[in-house]
Amino acid sequence: TDQASQQYAFRFSVREAAQTLGVKGEAGLEMATELVRLEDCPGTWLRHAVELQIRKATTKDEPSNLFDLNHLAHLPYVDLLFTDKRIAEFARQVLSASNLPDPLRHVKKPFAIPNSIEALESALISAGGVESAEGK
């Protein structure tokens, strides 16, 4: 299943990171993969959950999905994240679920805006991030 393959890939990544950080021996590497859970890494968990949501909803994998999902993984660590409407909707669905890991429970949902400077400025103003150019 998709979840099993994502879990395997995550454990492999943890193992690789542990080796890079100097963990030696099979027992140490196995302990690292047991200690670090996907739920402990909110950006990675969100990326994987949205990827599963996309796969459930569509049969065609969009070429931009990889970039969009990697971008989305930053959401738990930033104040605002802008993305396209499709990814924002999938993220909203996941973030509205009851099975969220604790670190994701109060994450702001991403903003979907048209691809223009005016739309970006308007979204930033409505989020309280900046003053308008005319207001200065």
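This section describes the helices, the nonpolar core and selected residue contacts of a predicted model.

Helix 3, which comprises residues 42-57, was examined for its length and its environment. At 1.5 Å a residue, the 16 residues of this helix should span 22 Å, and the end C-alpha atoms are indeed 22 Å apart, so the expected and modelled values agree. The buried residues of helix 3 are P42, G43, W45, L46, R47, H48, A49, V50, E51, L52 and I54. Their cover includes helix 1 (2-20), helix 4 (65-72) and helix 5 (85-95).

Residues of helix 3 also figure in the largest nonpolar core, which has 23 residues. Within this core, the residues with the most contacts are W45, L46, V50, L72, L75 and L104. Two or more core residues are given by each of helix 1, helix 2 (25-35), helix 3, helix 4 and helix 5. In soluble globular proteins, nonpolar side chains tend to be buried together.

Two of these core residues, L46 and V50, were considered individually. L46 is found in helix 3 and counts as buried because its relative accessibility is 0%, below the 20% cut-off. When residues up to four places away in sequence are not counted, L46 touches L72, L75, P76, V94, L95 and L104. The C-alpha atom of L46 is separated by 8.9 Å from that of L100, a residue 54 positions apart from L46 along the chain. With the exclusion of residues up to four places away in sequence, V50 touches L69, L72, F90, A91 and V94. L72 and V94 thus appear among the contacts of L46 and also among those of V50.

Helix 2 has buried residues on one side and exposed residues on the other. The buried residues of helix 2 are L29, A32 and T33. These residues cover an arc of only 95° around the axis, and therefore lie on the same side of helix 2. On the other side of the helix, A27, M31 and L35 are exposed. The buried residues of helix 2 pack against helix 1.

The surroundings of T33, a residue of helix 2, were examined further. T33 counts as buried because its relative accessibility is 6%, against a cut-off of 20%. A polar atom of the T33 side chain lies 2.8 Å from the backbone oxygen of E30. Leaving aside neighbours within four places in sequence, T33 is in contact with R11, V14 and R15.

A search of the whole structure for aromatic pairs finds 1. The pair is formed by F82 and F111 and is tilted, with a distance of 5.7 Å centre to centre and an angle of 40° between the planes. Distant parts of the chain are linked by this pair, as F82 belongs to strand 1 (residues 82-83) and F111 to strand 2 (residues 111-112), the two residues being 29 residues apart. F111 is partly exposed, because its relative accessible area is 26%, which falls between the cut-offs of 20% and 50%.

The loop between helix 4 and strand 1 contains D79. This residue is exposed, as its relative accessible area of 66% is over the 50% cut-off. The C-alpha atoms of D79 and M31 are separated by 34 Å, the two residues being 48 residues apart along the chain. M31 is itself one of the exposed residues of helix 2.

Definitions and conventions
Residues numbered from 1 in each chain as written. Predicted model: local features only at pLDDT ≥ 70, side-chain atom pairs only at ≥ 80, totals over all residues. Heavy atoms only, no water. Helix = DSSP H or I, 4+ residues; strand = E, 2+ residues; numbered from the N terminus. Expected span 1.5 Å × (residues − 1). Buried < 20%, exposed > 50% of the residue type's maximum accessible area, 1.4 Å probe, protein only. Contact = heavy atoms within 4.5 Å. Core = buried A, V, L, I, M, F, W, Y, C linked by side-chain atoms within 4.5 Å. Arc of directions from axis to C-beta. Polar contact = N/O pair within 3.5 Å; in protein donor to acceptor, adjacent residues only side chain to side chain. Phe/Tyr/Trp six-rings, centres within 6.5 Å; stacked < 30°, edge-to-face > 60°.
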